[in-house]
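Thank you all for making time this morning. I would like to walk through one model with you, beginning with its interior space and then moving to its sheet, one helix and two backbone angles.

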Amino acid sequence: MQETEFRLGQRVHSAGDPWRIGTVKYLGPVQGYSGSWVGVDWDSGDGKHDGSINGVRYFQAKSERSGSFVRTHNLSSGISLIEALRLRYQGDTTKEEEDEMYVLSSSNKRVSIQLLGKEKIQDKLSRFEELTGASLSFLGVSSPGFSGDTGSLLPNIKELDLTGNLLSDWKDVGTICKELPMLTALNLSYNLMAPDIVGLPQLKSIRILVLNHTGVNWTKVEILKHSLPAIEELHLMGNSINTIDPPSSFTVQGFDSLRLLNLEDNCIADWKEIMKLSLLKSLEQLHLNKNNLSCISYSDDGRLHELSRSSESHEKTDKPFQNLCCLLLGNNNLEDLASIDALNFFPKLVDIRLSDNPVADPGRGGVPRFVLIARLAKVEVLNGSEVRPRERKESEIRYIRLVMSKMQGSPEDVQRLHPRFLELKKFHGIEDEKLSSSGTAGPQKMASGLLSIILKCVGASIGEKPLLTKKLPGTTTVGKLKILCESFFKLKSVKLKLYLQEEGSPLPILLDDEMASLLDVGVGNESTILVDEES
């Protein structure tokens, strides 16, 4: 392979290792070393320097140790899609590949897998005309490789995964889609796409496009939109997007069929940017996990239509996010309950993720799951776990109890801080001095304030202990409960930790505020407290 085969900006991988991908940043001599070199900035960051060596700068790498100089014979400019198909589906598996086919036994030893009917499966896959889906991830694909009527070899391909290859030219993407007329789902993740989108035809059959970690920002999305008239799912994870920039309107226009938009793992901090998506009529799922959002609001006062210059494409009666039913907000910076309450105004929102936010983490001053359920009137799935009718009823009654135990200020103040409190009190028929509820809890008077709680020892050195059910005042502090547990279980010289095990929560909640009461930390009737030991 000659030096002239490479060019600046070209995507390459290490010879023999298509997983190690980088961009050519320099071609030529290096002082103190003979011959010509290729300067590469590696995606993985596993280079040797930042593009300079012995005080001479040849290129600027993205980090201090992501660059290196490589001989041309140690690099590959990739293969065509057609070559990759033949390699993956018509070639025999190598001994190395078969050696990698194993599972771990219970004793952590490798057990080889024997593929039943392997020859029959390979025979079917080797007939390209029968393929409906192809996975060509990390094979070094850098071009389509179609010529003449070779596209007719793949008449039934509907799904194509090209993750982690060397594609960058949008013309090549257009060629692939043109030659595969049945293609509806295309994954281009971890291909660093060119900044200029030129030569891209109408991709009328594409319904799902995955562009995670491709460097595609929203400005490019607006250009791509015109080539994607039928797009239903668009995935844009990990592209450092921080703004939504419609070219000629306050809100994003078009995308008439878009049902799912995935913006996870980006840098969006201002909810106003998200509101620019609010008039997408067909949008049902919006994934915003791992951004920098700190608050949520909902506005339905008509200003969005006024701000949108193309509002003639929207009915004045259209509500923001009118069809959104799933909103994933995990791992952001949400801290205030007003943001939680705002979610009630989304007309059809029933599936919400709030995990890994301060507001949903009692350990960081947030509230437990039952409070979230009580404040969210329509939620049916919270943090991936279904909210069943019984859990909703119990959560709402526990929430009413909690608010009543701490109620201060005027009725207006209570309503402002707890917008659903009066509604829930009326719905459950609860008066100020008592709680009336059917089911397992039974009628309970606030005057007595007794909670029936289940205590379960889980500490390794504590030993096996039978479950205990105790009735305690709701005003009992966490610190007092620890002392009582020492007595209940006859424990000596053991420093205890207590956890609240909530239905629907994957992990128990550490009760670390010893001055907080059981009501304060969300303990309700028939709650389970795990008794553990300090490590």
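Let me start with the count of cavities, which comes to one of 30 Å³ or more, a cavity being a set of points on a 1 Å grid over the protein atoms alone where a 1.4 Å probe fits but cannot get out. This is a predicted model, in which local features need pLDDT of at least 70 and side-chain atom pairs count only at pLDDT 80 or more, while totals for chains, interfaces and linings use all residues. Residues are numbered from 1 along each chain as its sequence is written, and side-chain values use heavy atoms, with hydrogens and water left out.

The largest cavity holds about 40 Å³ of space, where a volume is the space filled by probe spheres set on grid points that are joined across faces, edges and corners. Its lining, meaning residues with an atom within 4 Å of a point, includes W170, V173, L186 and L228. By class there are nine nonpolar, no polar and no charged residues in that lining, with Ala, Val, Leu, Ile, Met, Phe, Trp, Tyr, Cys and Pro counted as nonpolar, Asp, Glu, Lys and Arg as charged, and the others, Gly among them, as polar.

Turning to the sheet, we have an open arrangement of five strands in the order 6-3-2-1-7, with antiparallel pairing, and its edges are strand 6 and strand 7 (75-76), each of which pairs on one side only. Strands here are DSSP runs of E of at least two residues, helices are runs of H or I of at least four, and both are numbered from the N terminus; two strands pair if DSSP finds at least two bridges between them. Strand 2 (residues 17-30) and strand 3 (residues 33-42) are joined by eight bridges, with T23 opposite D41 and P29 partnered by S36. In the hairpin that these two strands form, with two residues between them, G32 takes a positive phi near 90°. On to strand 6 (residues 67-70), which pairs with strand 3 over four bridges, and where V70 stands opposite V38.

What of residues other than glycine with a positive phi? F321, in the loop between helix 7 (303-307) and strand 19 (326-328), has a phi near 50°, and at 2% relative accessibility F321 counts as buried, which means under 20% (1.4 Å probe, protein chains only). N331, at about 60°, lies in the loop between strand 19 and helix 8 (337-342); at 37%, N331 counts as partly exposed, that is, between the 20% limit and the 50% above which a residue is exposed.

Technical notes:
1 Å grid on protein atoms, 1.4 Å probe; cavity = no way out; pocket = protein on both sides within 12 Å on 5 of 7 lines; lining within 4 Å.
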